[in-house]
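These are my notebook entries on what I looked up, one topic at a time. I began with the strands, went on to the helices, and ended with the place where the chains meet.

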Amino acid sequence: MPPLDMGVPDEPLLDLENLKVSIEGEGPTVWPVRGAALSLRRGETLALIGESGSGKSMLGLALARLLPEGARIEGEARFEGENLLAMDDQRMSALRGRGIAFVPQSAGLALNPCRRVASQVGEVFRRVRGMDKSGAREEAGRLLARLGLDRSVQRYYPHQLSGGMRQRVLIAIGLACRPRLLIVDEPTKGIDLGMIGEVEDCFRQVRADLPDLAMIVITHDLRFAARIADRIAVMYAGRVLEEAPAPAFFEEQKHPYARALLRAAPEHGMIPIPGTPPSMTRLSEGCPFSPRCPDAETCCASEPAPPIRIGDTRVACRRYDRI
Amino acid sequence: MIEFRDVRLSFREGLFGRRPVLEGLDLTVPEGRVIGILGPSGSGKSSLARILLGLLPADSGTVTVDGQAAPCRAVQYVPQHPDAAFNPRLRIRAAFRELFRLHPICPEDRRKQTLAAVLDRVGIDAGLLDRYPRQVSGGEIQRLSLARALLLNPRYLVLDEATAMLDVSIQAHIMRLVLEIKAERGMGVLVITHDALLAGAVCETVYTLAGGKLFQGVQGRAG
C-alpha cells in the first residue's frame, strides 16, 4: 500500500470545487449536491449548516465515498492534494477511517444494539490497528474516558445509554483510527438540551487533544454550530451559499438565505422563510434561493452567482454589496 | 381552564423502590393563553402531558378540564416524534377516515369539505393524503398532526416537543401557525419543551419543572 501523501502544510487539507452528487432511481434523477465548493485546513472545525434536504449529509457521505447505490459524484474533491474521486476502491478503503472518518447520524441506529460498547469501540482497534482483545479493550477504555465516559460504560449495551452518551461512543469509534478529517453528521439531532452540553464538551476535548484534526460537523442546530465551529458554511439546495469565520458569520450574514435562516431561530424573532425549498430534480443555472429571496433581481434566477471573496468570507450572491 | 391539583406520580425503581417524578404539582392553563413547561429530559414534562391525556394514571391528585375530569376531547395533542403521530401501516387518508368514524365531527356528507378546510388552514396539499407517513417530511407530519387535533375542535392543545426534531425555519412556520390558530379560536396551549429560547419566544408564561415541582413562571417574550 503506498504511503498517504501528507501534502504541504500550507495547502488546504480538503478542497472541493463544483462538487455534484446525482442519484438515479425509478423517477427523475435527484441532485442533492449541485456544485458545492469548500476548503478546510488542518485543525479547523467547519460547521455545515442548512435545512433538511439541503444536501449536507450527502456532501459528507460523498467525501467518505459512502453514497447509496446509483449515486454519481462529479467535480473536484482533493484531500491532502489527492483527488478523492479518482481513487480506486482499495485506496479509498485504506483512507476511510484513517484519513477521513465519517460518524453517521442517529446514534441510536448506528450502533449495533446486540453488542456492548467495549466490543464496538474495540473492534476498530483490533481490525485496523491489529491489537489483541485485551489491548483493544484497554485502548477503547482510555479513549472513552477522554471523551468523558466512565469506564463502566464499556459494559453497557447502546440502549442503556443516553443520547449524548451514544453520540460520544460513535465519536470514539470515528477517532479510533486517528483520522486527519472527522465528518460528524448531526451529532445533536434528537438529543435534549442538557445532553447537547455533553456533546459540546466532548467536541472541545477532542479539539484540545488533537489540535491537527480537522472536523466537518453537519448540523441544523445553529446554536451548537456557533459554539463549536471555527468556520460556518451554509448549504442550500446542494450549494454552499456562504462560508465565513464563525464569529463574523453570527455577527453579520452576507447571503440573504443565511440571514433568513438565522431570523427563523426563536432568539431572532422566529420569522419563517417564505415559500418552499426548490425541487431536487430540476437544476437551474441561477441562484437556488432567488424564488424566495426578498432582494432578488430578475437576473438572479437565470444567471449563476459565482462565489465572491470578501476578506475571509465567500458568498455566492450577485447582490450582496447592494443589500 | 385546565387545572392540575396536588398531582403526584412516581415510577417503580429496582425491586421495592419508587422514584418520585411529580411531587404535588399544581398548574393552571387558562383558555386563550400559551403556557410553557420547561425542563430537562427525565424531569417529568411528558409525564405531565400523558396524565392530562389519560395515557398515564397519576398516583394521586386531580386534573380537570373546565371543571370536568380529564381526559376529555377538549384537549388534543401533537407529539414529538413523527413516528408516534400516525399509524405507519395506514395511508394518511385512512388515518383521517378513522378519526371521522370514531368521533362525531360532522355529518357524513360534509366530511370531505371539513377535512379540506382544515388541511387548507394548516397549509397541507390534499395530495399528501394518499401517502404513507414515512413518505412525508417531518414538518408535514407535524402539520398533519395539528390538522388532526384541530378537527376535534379542541379548547386546549398540548404540544409535546412538537418541533424538537425540525429545522429552525420549519419550527418557525409551525409555531407561527399554532399561534395564529390559537388567536382565531381562543384555545389554551400547553407547550412542553426543553428549549428555553423557544418557550420564551412563544409562551406568555413559562414554568420550569425540576425535582418534581413547578417553579414560578417567568413572563415570556410573547406575554
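**Entry 1: the sheet.** I looked up how the strands of chain A are arranged, keeping in mind that this is a predicted model, and I found an open sheet of four strands in the order E2-E1-E4-E5, with antiparallel pairing. I then noted that E2 and E5 (82–83) of chain A stand at the edges, and because each has a single partner strand, one side of each is left without a neighbour in the sheet. Next I checked what lies against this sheet, and I found that helix H1 (residues 56–63) of chain A packs on it, touching E1, E2 and E4 of chain A, with a direction at about 110° to that of E1(A).

**Entry 2: the partners of E1(A).** How many bridges join E1(A) to E4(A)? I found eight of them between E1 (residues 14–23) and E4 (residues 71–79) of chain A, and the two strands run antiparallel. To see this pairing residue by residue, I looked up Leu14(A), whose bridge partner in E4(A) is Phe79(A), and then Glu17(A), whose bridge partner in E4(A) is Glu76(A).

I turned to E2 (residues 30–40) of chain A, which pairs with E1(A) in the antiparallel sense over seven bridges. Here I wrote down that Val21(A) stands opposite Val33(A) of E2(A), and that E1(A) and E2(A) form a hairpin, with six residues between them.

**Entry 3: two helices.** I reminded myself that two packed helices are described by the angle between their axes and the distance between the axes. For H4 (residues 117–129) and H6 (residues 163–175) of chain A, I read that the axes come within 8 Å and cross at roughly 20°. Angles under 35 degrees count as roughly parallel, so H4(A) is roughly parallel to H6(A). The crossing of H4(A) and H6(A) is right-handed.

Which residues make the contact? From H4(A) I listed Val117(A), Gln120(A), Val121(A) and Val124(A), and from H6(A) I listed Val169(A), Ala172(A) and Ile173(A). Sorted by class, the contact of H4(A) with H6(A) has six nonpolar residues, one polar residue and no charged residues.

**Entry 4: where the chains meet.** I looked up the contact between the chains, which takes 21 residues from chain A and 20 residues from chain B. The area buried between chain B and chain A is about 1700 Å², and carbon and sulfur atoms give 59% of it. I closed by noting that Asp167(B), Val168(B) and His194(B) supply 30% of the area that chain B buries against chain A, more than any other three residues.

Methods: Residues are numbered from 1 along each chain as its sequence is written. Chains are lettered from A and ligands numbered from 1 in the order in which they are written. This is a predicted model: local features need pLDDT of at least 70, side-chain atom pairs count only at pLDDT 80 or more; totals for chains, interfaces and linings use all residues. Side-chain values use heavy atoms; hydrogens and water are left out. Two strands pair if DSSP finds at least two bridges between them. Contact means heavy atoms within 4.5 Å. Axes are lines fitted to C-alpha atoms, for helices over the stretch in contact, and angles run from 0 to 180 degrees between N-to-C directions. Angles under 35 degrees count as roughly parallel, over 145 as roughly antiparallel, 65 to 115 as roughly perpendicular and the rest as oblique. A crossing is left-handed if the near helix is turned anticlockwise from the far one by less than a right angle, and right-handed if clockwise. Ala, Val, Leu, Ile, Met, Phe, Trp, Tyr, Cys and Pro count as nonpolar, Asp, Glu, Lys and Arg as charged, and the others, Gly among them, as polar. Buried area is the accessible area (1.4 Å probe) that two parts lose on being put together, summed over both.
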